[in-house]
Amino acid sequence: MGELTELFRTSFAASEGEAEGEAIARLVSRLSRAIDAERLFCFGAEEDDALVAAIFFSELVFAADVRVFMLAPVAVLRPFQRRGIGKDLIRFGLGVMQQRGVEIAVTYGDPAFYGKVGFLPLAESSLRAPMPLSMPQGWLGQSLTGEAIPTLIDRPSCVAAFEDPHFW
């Protein structure tokens with residue numbers, strides 16, 4: 001298992017249990033093979049030459065001509081949590097996405113954590129996820145242009161690794 005996949009397996013197993021750690025490891029393995037710096041990006045943080053945190057951004061394609069990327073998954077090894085590494089890495093990634101012309105960033109996770117980096121709750125009636133959400137309160141977004149997020153009612157397509165209802 002590669003260092004990136006192991007980072008996510010370890011992080012998610014510690015917080016969500018072994019089964020979720022394995023599911024996220026499989027997701028990350030698939031995502032890692034598809035990184036192309038066009039539709040799928042990965043950014044990491046190292047300390048003493050060891051990977052301690054990583055994030056992915058993947059494109060969501062809507063019928064409208066708007067560039068939307070999803071931040072997911074995100075992992076920080078437990079000994080490195082609560083030190084700002086994850087927030088700094090997310091801010092860095094959002095900056096890269098903004099420079100690349102991305103207009104909207106979305107994520108699906110803990111509103112308390114992601115709110116600290118500018119994500120706000122999204123009603124799925126205004127911007128749909130690729131699949132039905134099991135926890136709609138975790139659907140979050142932010143504009144990277146300063147403009148209001150437009151209503152996008154069609155269900156977007158996503159990278160193949162996320163075409164699994166387990167993750168929604």
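**Helix pair, pocket and two odd backbone spots**

User: Why are α1 and α2 called roughly antiparallel or parallel to each other?

Analyst: They're roughly antiparallel, because angles over 145 degrees count as that, and the axes of α1 and α2 cross at roughly 155° and come within 7 Å. Axes are lines fitted to C-alpha atoms, for helices over the stretch in contact, with angles from 0 to 180 degrees between N-to-C directions. Helices here are DSSP runs (H or I, at least four residues), strands are E runs of at least two, and both are numbered from the N terminus. Keep in mind that this is a predicted model: local features need pLDDT of at least 70, side-chain atom pairs count only at pLDDT 80 or more, and totals for chains, interfaces and linings use all residues. Residues are numbered from 1 along each chain as its sequence is written, and side-chain values use heavy atoms, leaving out hydrogens and water.

User: Which residues make the contact between α1 and α2?

Analyst: Contact means heavy atoms within 4.5 Å. Among the residues making it are Phe 8, Phe 12 and Glu 16 of α1 and Ile 24, Ala 25 and Val 28 of α2.

User: What makes the largest pocket a pocket, and what is its volume?

Analyst: A pocket is an open set of points on a 1 Å grid over the protein atoms alone, where a 1.4 Å probe fits, with protein on both sides within 12 Å along at least five of seven lines. The largest one has a volume of about 1,200 Å³, a volume being the space filled by probe spheres set on the points. Its lining (residues with an atom within 4 Å of a point) has 35 residues, with Phe 12 and Glu 16 among those nearest the centre. β3 gives the most, six residues.

User: What is unusual about Pro 73 and Asp 48?

Analyst: Most residues other than glycine have a negative phi, and most peptide bonds are trans. Yet a cis bond joins Ala 72 and Pro 73, omega about -10°, with Pro 73 in strand β3. Asp 48 isn't a glycine but has a positive phi of about 50°, in the loop between β1 and β2.

Note on methods. Parallel < 35°, antiparallel > 145°, perpendicular 65-115°, else oblique.
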